[in-house]
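This briefing introduces one protein model to a reader who has not met it before. Please look over the sequence and the structure before reading on.

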Amino acid sequence: MTDPLGGVYFLTYLGDESKIKIGKGSILDRRVRDYLTSHYRDIKVLCYVFSKENMEATLEKDFHDFFHKNRYDREWYESNDFLLNSIEEIKQINNFMPFVIPRKGQDIYEDPNYFYNKMKP
């Protein structure tokens with residue numbers, strides 16, 4: 001088993017990409033699995049920013065404050081050019097490749113390193 005991945009994620013649902021969630025997690029795979037059980041669409045992880053341990057909330061607040069004009073509801077933001085271009089820059093800085101988490105299929109549940117393998121820096 002690998003070390004937990006902590007940080008801030010930007011995600012959306014395939015087929016409804018008009019909103020982007022900016023959230024935090026000290027153990028990302030558990031957090032994202034929660035979204036799979038509460039929604040019927042596949043998840044697209046647009047970007048992830050790793051953080052120092054116990055700094056996830058501070059980093060998340062910084063992103064929420066920065067994108068406050070795009071806020072739709074709580075941690076959900078309207079997808080627009082400013083937000084998408086910002087995510088693109090963050091991806092390039094962090095050398096992050098977006099990936100889809102399929103709602104159907106066992107990989108995410110059977111492979112304990114699924115997220116780590118997709119997101120390793």
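Which residue is the bridge partner of Leu11 in S2? The partner is Lys21, and the strand pairing to which this bridge belongs is described below. The model is a predicted one. The protein has five helices and six strands, and their order along the sequence is β-β-α-β-α-β-β-α-β-α-α.

**Overall character**

- The protein comprises 121 residues, and 39% of them count as buried.
- About 7400 Å² of the protein is exposed, with carbon and sulfur atoms supplying 48% of that area.
- When contacts between residues at least 6 apart in sequence are considered, 66% of them join residues at least 24 apart.

**Strand pairing**

- Strands S1 and S2 are paired in the antiparallel sense, over six bridges.
- These two strands, S1 and S2, form a hairpin with two residues between them. Gly15, in the turn, has a positive phi of about 90 degrees.
- S2 is also joined to S5, by three bridges, and these strands run antiparallel.
- Within this second pairing, Ile20 has Tyr77 as its bridge partner in S5.
- In a regular strand, side chains alternate between the two faces of the sheet.

**Surroundings of Trp76**

- Trp76 belongs to strand S5, which covers residues 76-78.
- With a relative accessible area of 21%, Trp76 is partly exposed.
- Trp76 and Lys19 are 57 residues apart along the chain, and their C-alpha atoms are separated by 6.2 Å.
- Beyond its neighbours within four places in sequence, Trp76 is in contact with Leu11, Tyr13, Lys19, Ile20, Lys21 and Arg71.

**Salt bridges**

- Side chains of opposite charge can pair when their charged atoms come close.
- The whole structure contains four salt bridges, and three of the pairs are described here, beginning with Lys19 and Glu78.
- Lys19 and Glu78 form a salt bridge in which the closest N and O atoms are 3.5 Å apart. Because Lys19 lies in strand S2 (residues 16-25) and Glu78 in strand S5, this pair ties together parts that are 59 residues apart in sequence. Glu78 is partly exposed, at a relative accessible area of 31%.
- Glu75 and Lys21 form another salt bridge, with the closest N and O atoms 2.3 Å apart. Glu75 lies in the loop between strand S4 (71-73) and S5, whereas Lys21 lies in strand S2, so the pair ties together parts that are 54 residues apart in sequence. Glu75 counts as partly exposed at 21% relative accessibility, whereas Lys21 is buried at 5%.
- Asp65 forms a salt bridge with Lys61, and the closest N and O atoms of this pair are 2.7 Å apart. Asp65 and Lys61 are separated by about one helical turn, because they are four residues apart in helix H2 (residues 56-66). Asp65 counts as partly exposed, at 40% relative accessibility.

**A buried charged residue without a salt bridge**

- Glu56 is found in helix H2.
- Although Glu56 is buried, it has no salt bridge.
- Which side chain of opposite charge is nearest to Glu56? That side chain is Lys24, 7.6 Å away. A salt bridge requires the nitrogen and oxygen atoms to be within 4 Å, so the pair of Glu56 and Lys24 does not qualify.
- Leaving aside neighbours within four places in sequence, the contacts of Glu56 are Gly6, Gly7, Val8, Lys24, Gly25, Ser26 and Ser51.

**Nonpolar cores**

- The largest nonpolar core has 14 residues, of which Phe10, Ile22, Phe63, Phe67 and Ile87 touch the most other members.
- Two or more residues of this core come from each of strand S1 (7-13), S2, strand S3 (43-50), H2 and helix H3 (81-94).
- Phe67 touches Phe10, Ile22, Tyr77, Phe82, Leu83 and Ser86, when residues up to four places away in sequence are not counted.
- A second, separate core has 10 residues, among them Tyr13, Ile43, Phe96 and Phe99.

Key. Residues numbered from 1 in each chain as written. Predicted model: local features only at pLDDT ≥ 70, side-chain atom pairs only at ≥ 80, totals over all residues. Heavy atoms only, no water. Buried < 20%, exposed > 50% of the residue type's maximum accessible area, 1.4 Å probe, protein only. Contact = heavy atoms within 4.5 Å. Areas by Shrake-Rupley, 256 points an atom, 1.4 Å probe, with all protein chains shown as cover. Lys, Arg positive; Asp, Glu negative; His and termini not counted. Core = buried A, V, L, I, M, F, W, Y, C linked by side-chain atoms within 4.5 Å. Pairing = 2+ DSSP bridges.
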